[in-house]
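Biologist: Could you take me through one part of this model in detail, the helix and the sheet it packs on? I would like to see how the pieces fit together.

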Amino acid sequence: METKTNVMRILEAHKAAYKSYSYIGTGALSGAEVAAALGQNPKQVFKTLVTICSKNKHYHVFMIPVEKELDLKKAAAAVGEKNVEMIKSKDLLPTTGYVHGGCSPIGMKKPFPVMIDETAQNFETIIFSGGKIGWQVETSLSDLQKVINFQLAALTE
């Protein structure tokens, strides 16, 4: 029986084309290791990061290539905040419904503003967490737009 995550079911419900990948049993932990285990270009494999603005407690979701680091100043500017900081690990599950390493922009408990690094438009598709550790999904930005609202911005150095 084929495993389907909630992310995959949501993509299907919105008639968004996608491919799924499993890296279970590869020992891959970091995003770069996941990209290597899947034999994919790490510039095309994105990680999902959640931040909070300490002043107003607004959450924001950022997707960036796995080998890059989020530039917090650029991230804050992209969402119109003075500053943002990474959400504490212990707050990730209660806030999003996802655990560290399995966080997807699709299917969070609440819809948060999503920003995707502008380099995503260099590819026909991007690959990101399928909502469970060990699973990734690949879809085009136009199919992803059917499911979540997002904007593109310069988010890394």
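Modeller: Happy to! One term to begin with: two strands count as paired if DSSP finds at least two bridges between them. Please keep in mind that this is a predicted model.

With that in hand, let's start with the sheet. Three strands form an open sheet in the order 1-7-6, and their pairing is antiparallel. Strand 1 and strand 6 are at the edges with a single partner strand each, so each has one side without a neighbour in the sheet. From one strand to the next, the twist averages 30°. Strand 6 and strand 7 run antiparallel and are joined by four bridges; Ile127, for instance, has Glu138 in strand 7 as its bridge partner.

Now for the helix. Helix 1 covers residues 6-13, and its buried residues are Val7, Met8 and Leu11. Viewed down the axis of helix 1, these buried residues fall within an arc of 100°, so they line one face of the helix. The general background helps here: an α-helix has 3.6 residues a turn, so residues three or four places apart point the same way.

What do the buried residues of helix 1 pack against? They pack against strand 1 (19-22), strand 6 (126-129) and strand 7 (135-139). Helix 1 lies across these three strands, strand 1, strand 6 and strand 7, and runs at about 20° to strand 7.

One last backbone detail to look at: just after helix 1, Lys15 takes a positive phi of about 55°.

Definitions and conventions. Residues are numbered from 1 along each chain as its sequence is written. This is a predicted model: local features need pLDDT of at least 70, side-chain atom pairs count only at pLDDT 80 or more; totals for chains, interfaces and linings use all residues. Side-chain values use heavy atoms; hydrogens and water are left out. Buried means under 20% relative accessible area, exposed over 50%, partly exposed in between (1.4 Å probe, protein chains only). Helices (H or I, at least four residues) and strands (E, at least two) are DSSP runs, numbered from the N terminus. The arc is that of the directions from the helix axis to the C-beta atoms. Contact means heavy atoms within 4.5 Å. Axes are lines fitted to C-alpha atoms, for helices over the stretch in contact, and angles run from 0 to 180 degrees between N-to-C directions.
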